[in-house]
Amino acid sequence: MRGGGPLVVVGAPEECDCPYCAGAQPTPEQIGGLIPPPIDIDAMQDPLEVEIVASMLVTIVATVGDDFERALRDLFVPTFEAQASPEARAMLAGIASVYDGEVSRAATEGASRLAGAGITSPPWLAELEAPVTMPDCCRFADSAGGTFMLAARFQREGRSHVVAVSVDEFDCGAARDILLIDGDQWEQARAELLSDLRAGGVDVTEEKLRPAEFRQAVEETLEARSDHDRDRGTEGLDELLEEDGPGYAALALLLRSRIRTLPAPRQRKRGHLHDGELDVASISALLDRLHPPRRGGSIPTPRRSAGLPAKRKKSDGPAPIYQIKVSLRGARPPIWRRLEVPADVSLARLHELIQAAFAWTDSHLHVFETPYGSFGRPDTDLGHRAASRVTMEQVASAVGDKLRYTYDFGDDWEHDILVEKVLDRDASVAYPRCVGGRRAAPPEDCGGVWGYAELVEILSDSSHPEHRDRLDWLGLDDPAGFDPARFDAKAVTAALQQGR
């Protein structure tokens, strides 16, 4: 793909048994099973919405493997054209807009044939053929010069939107998240972002960029993320379909389509950006304005001088219930637990609950990273304050807030904790409880997510020279004794409530 490297999608199944990968020709009905929710042409008001749906489709189709472009060109595009509907014409126009090469040409020709056949479309769909301009772009940096966000405003036929990329300088300058913001909301979101950062003691600067500079910076951060996604493996297709809206991969594809028209940089840096130290506050002001809504977001970076909010008082009444999703970072396929816990649970107690939910044995150190500092076993050298003295609602007060929990500083089991919902207490429910999840937790001391992936591979191969040794290490006579896909919410709830 032109304009910034190949599309890398976190989403390929471990063993794909779809008709296309199996060598058979899928039927239109089977293809339809991979398509995002149907387009409601009458409800749409902006061609950007069609581009978003098309981007989501492309990222889903990319899960079939390296030959997904042929699947798009030879299977999906003809299937849409055969439907001969306004929705199909819109989808073809969207694919042509966000993708390039032979796929774009095939989609354009298909949409043109439908138009020639009298298939109608909303008037705004023609805007997709109008050029997209970028009147301004910038980067936000800390006092040390480390980039933590790139943002650009794009315009087409009087409509505007802003795409902002948060950059993780701790992770080789890789893109962490992509935000799509309505152009009318950008100035307010930008002002509140700068205000929040500066109120937190961060010396933040905003630097205007030339189009070629912006393109180079975006390509480098997207490529760094692509490299890491290749190294880290892939998630299941169901994870893509589970998202509330366009995920990172779909928005990255949309952004690549935007920067393809910008001047190419004269020189390209090779490899990753430098590893640097980043000291910035939370960018939640922008995450709150994400449109359309979706899961994700970055882990808040500790503020320099933000005071820890006060604890709940008895006069405030009982705390509500937090529905939280605890995901094992880097696990492919994803491993996660959805828990319901009182909002005023102490971080020390939350540590115990996570240990129970993931069948850890509490044999190693741990730490919570929050916007207000690090909490775990008190350690002045490490800068960890006592987890027993702070509650979750003090450090994560709203839906969408995130924490990071790391267990075992050797294996580095990192968990992302997301506040998904704030619920009223139900007198008939015993808390805490587990209401969802996926896959078994890795055994303790198996070497982190990479060691666990190797363990699963060895256990599945009886001819592997280490097969018997790994079974003995697990205390198993047969590999069937450990099923990595197994998950039992009731068993997790029982573990959470044991001794409470």
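What follows walks through a predicted model, from a five-stranded sheet to a group of aromatic rings.

Start with the sheet. Strands β4-β3-β2-β1-β5 line up in that order, with antiparallel pairing, and the sheet is open. Its edges are β4 (174-182) and β5 (205-208), each of which has a pairing partner on one side only. Going from one strand to the next, the twist averages 20°. Within this sheet, β1 (residues 133-141) and β2 (residues 147-156) are held in register by 7 bridges, running antiparallel. One such match puts C138 opposite A151 of β2 as its bridge partner. Helix α9, spanning residues 248-259, lies across β2, β3 and β4, and makes an angle of about 75° with β4.

A handy residue for looking around this region is H161, which sits in strand β3 (residues 159-168). Its relative accessible area is 7%, and because the cut-off for buried is under 20%, H161 counts as buried. Beyond its neighbours within four places in sequence, H161 is in contact with L48, A152, R153, F154, L180, I181, D182, G183 and R258. With R258 there is also a side-chain polar contact, at 3.3 Å. As for backbone spacing, the C-alpha atoms of H161 and W186 are 8.1 Å apart, with 25 residues separating the two along the chain.

Next, the nonpolar packing. The largest core has 61 residues, and the members touching the most others are I95, I178, F214, L222 and L255. Helix α2 (residues 47-61) makes the largest contribution to this core, with 9 residues. Another core, of 45 residues, lies apart from that one and includes L328, V395, C434 and L471.

L328 leads on to a further set of strands. Strand β6 (residues 321-328) pairs with β12 (residues 413-423) in the antiparallel sense through 8 bridges, and L328 has H415 as its bridge partner in β12. Strand β12 also runs antiparallel to β11 (residues 402-407), to which 6 bridges join it. Here H415 turns up again, this time as the bridge partner of Y405. The hairpin of β11 and β12 has 5 residues between its strands, and D408 takes a positive phi near 70° there.

Helix α11 covers residues 347-357, and its buried residues are L347, L350, H351, L353, I354, Q355 and A357. After the helix comes A359, another residue with a positive phi, in this case near 60°.

That leaves the rings. The count of aromatic pairs comes to 7. In one of them, W360 and Y407 have ring centres 5.7 Å apart and planes at 40°, so the pair is classed as tilted. W360 belongs to the loop between α11 and β8 (366-370), while Y407 is in strand β11, so this pair ties together parts that are 47 residues apart in sequence. Both W360 and Y407 are buried. Another tilted pair is F368 with Y405: their planes stand at 45° and their ring centres are 4.8 Å apart. It too links distant parts of the chain, with F368 in β8 and Y405 in β11, 37 residues apart. F368 and Y405 are both buried. Finally, W360 and Y407 belong to one aromatic cluster together with F358 and W413.

Key. Residues numbered from 1 in each chain as written. Predicted model: local features only at pLDDT ≥ 70, side-chain atom pairs only at ≥ 80, totals over all residues. Heavy atoms only, no water. Helix = DSSP H or I, 4+ residues; strand = E, 2+ residues; numbered from the N terminus. Buried < 20%, exposed > 50% of the residue type's maximum accessible area, 1.4 Å probe, protein only. Contact = heavy atoms within 4.5 Å. Polar contact = N/O pair within 3.5 Å; in protein donor to acceptor, adjacent residues only side chain to side chain. Pairing = 2+ DSSP bridges. Axes fitted to C-alpha atoms, helices over the stretch in contact; angles between N-to-C directions. Core = buried A, V, L, I, M, F, W, Y, C linked by side-chain atoms within 4.5 Å. Phe/Tyr/Trp six-rings, centres within 6.5 Å; stacked < 30°, edge-to-face > 60°.
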